[in-house]
Amino acid sequence: MDEEKDLEATAAIPPAGTEDAPERKDRRWIIFGAAAVAVAVLVAGGVCGYRAYEGHQVSVARQTCQSAVADQAKAVKAYKTLLGSDDTMAALKTDAKSVKDARTVDTLAKAAKAKLPVMVRCDASKAVDLDAAAMKAGKAVKTVKADAKALDAAAKAVEASRLDKTVANAEALYKATDGKVQDDKTREALAKAVKARDAAAIAKAVKAVNESKAAKERVDAEAAAKAQAEQEAAAQQQPQSQTATTGSSTWSGGTYTNGGDSTRVYTNNGGGTYHAPQQQPTYQAPQQSQQPSNNGNGGGQPYIPPTSSCTGPITGSCSTAPGGEVWW
């Protein structure tokens, strides 16, 4: 049995050099086909891989662009918020006459009119375009932030210049009211507020100083009016004390000298009452008592002011002889 098996196995093995050539060729084509398929698979995989990579690049670029646009929107919002703030609005309403340097008002007006850049859009389909949009948004952010910084600085400059003007006016008021207020403590409070450069305190102190100044002016005016009234009352009473009665012997002798250095000698003619003028003339009393001239009716020399026409309240005749007018 074993010998039969060996003979069969030996018969199955072909002799050397008798292999089938077509079978070898078919095997070669199989190898080539498999290689081609492998290459095709690799090419397809490469294409898919490139497309996947390109898609990833676009996605990253879009995210970067969107982030830059968000920063731009944030910067624009901050600028608009600053523009509408109370401090900026108050500075914009400031008149050039109420600041020390009027140029600050002009600078603020220009800063408030800054033209904001157009918002960038990230709607491109290619990474390179999205990157360009992101760069544009980044530049816009820098521009808006610079505009906001300039606006803030301009508003603060106006406020500082307005405070400088307020301080200067307060200092001038302090100097001008020295000795002209009813309560000097108001000026002390003003000086303290000026030193601290406190606008609110300065405004309060200025009001107090002005009120104190007005109060003193009222008191001074009332005092002046009272003094004037007293002087007028005294002037009205003075002529009554200068009333003399003609026909009495109470007149004292002497001469009356007017402003032109001329002298008149008066002789009482008797009867009547003489009233002196409201303004008291200059009277020069004689060194020695003189006897009154007499025209036969008695009397003496009264205190009588000069007249330009040789007439007066005393009835009688007169002469304009050299040396003055003589009445009798």
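1. In this predicted model, the side chain of Arg187 lies over the face of Tyr174, and the distance to the ring centre is 4.0 Å. Arg187 belongs to helix α6. Its relative accessible area is 5%, so Arg187 counts as buried, the cut-off for that word being under 20%. Along the sequence, Arg187 and Val206 are 19 residues apart, while their C-alpha atoms are 8.3 Å apart in space.

2. How do the axes of α5 and α6 cross? They come within 10 Å and cross at roughly 150 degrees. Angles over 145 degrees count as roughly antiparallel, and the two helices are therefore roughly antiparallel to each other. The student may follow this in the model by tracing helix α6 through residues 185-196. The crossing in which α5 passes α6 is left-handed.

3. Asp164 offers a further point of reference in helix α5. Is Asp164 buried, partly exposed or exposed? With a relative accessibility of 26%, Asp164 counts as partly exposed, because that class lies between the limits of 20% and 50%. Asp164 and Val194 are 30 residues apart along the chain, and their C-alpha atoms are separated by 10.0 Å.

4. A second helix pair involves α5 again, this time with α4. Two packed helices are described by the angle between their axes and the distance between the axes. For α4 and α5, the angle is about 155 degrees and the axes are 9 Å apart. These two helices are therefore roughly antiparallel to each other. Their crossing is left-handed.

5. How many disulfides are found in the whole structure? The search finds 1. The disulfide joins Cys65 to Cys122, with a distance of 1.9 Å from S to S. This pair links distant parts of the chain, for Cys65 is in helix α2 (residues 21-83) and Cys122 is in the loop between α4 (103-111) and α5 (127-176), 57 residues apart. A disulfide is a covalent bond between the sulfur atoms of two cysteines.

6. Two further properties of the disulfide deserve a note. The angle about the S-S bond is -90 degrees, and the link of Cys65 and Cys122 is left-handed. Are Cys65 and Cys122 buried or exposed? Both Cys65 and Cys122 are buried.

7. The backbone at Arg197 should be examined. Arg197 is not a glycine, yet it has a positive phi of about 55 degrees. Most residues other than glycine have a negative phi. Arg197 is found in the loop between α6 and α7 (199-237). With a relative accessibility of 38%, Arg197 counts as partly exposed.

8. The search for aromatic pairs may be reported briefly. Across the whole structure, 0 aromatic pairs are found. Tyr174 does have a neighbour of another kind, as Arg187 lies over its face.

9. The overall arrangement completes the note. What does the secondary structure of the protein come to? It comes to 7 helices and 7 strands. Read from the N terminus on, the elements run α-α-α-α-α-α-α-β-β-β-β-β-β-β, and the helices thus named include α4, α5 and α6, discussed above. The protein has 328 residues, and buried residues make up 24% of them. Among the buried residues are Cys65 and Cys122, as well as Arg187.

Notes
Residues are numbered from 1 along each chain as its sequence is written. This is a predicted model: local features need pLDDT of at least 70, side-chain atom pairs count only at pLDDT 80 or more; totals for chains, interfaces and linings use all residues. Side-chain values use heavy atoms; hydrogens and water are left out. A disulfide is a pair of cysteine sulfur atoms within 2.5 Å. Helices (H or I, at least four residues) and strands (E, at least two) are DSSP runs, numbered from the N terminus. Buried means under 20% relative accessible area, exposed over 50%, partly exposed in between (1.4 Å probe, protein chains only). Rings of Phe, Tyr and Trp (its six-membered ring) pair if their centres lie within 6.5 Å; planes under 30 degrees apart count as stacked, over 60 as edge-to-face and the rest as tilted. A charge sits over a ring if NZ of Lys or CZ of Arg is within 6 Å of the ring centre and within 35 degrees of the ring normal. Axes are lines fitted to C-alpha atoms, for helices over the stretch in contact, and angles run from 0 to 180 degrees between N-to-C directions. Angles under 35 degrees count as roughly parallel, over 145 as roughly antiparallel, 65 to 115 as roughly perpendicular and the rest as oblique. A crossing is left-handed if the near helix is turned anticlockwise from the far one by less than a right angle, and right-handed if clockwise.
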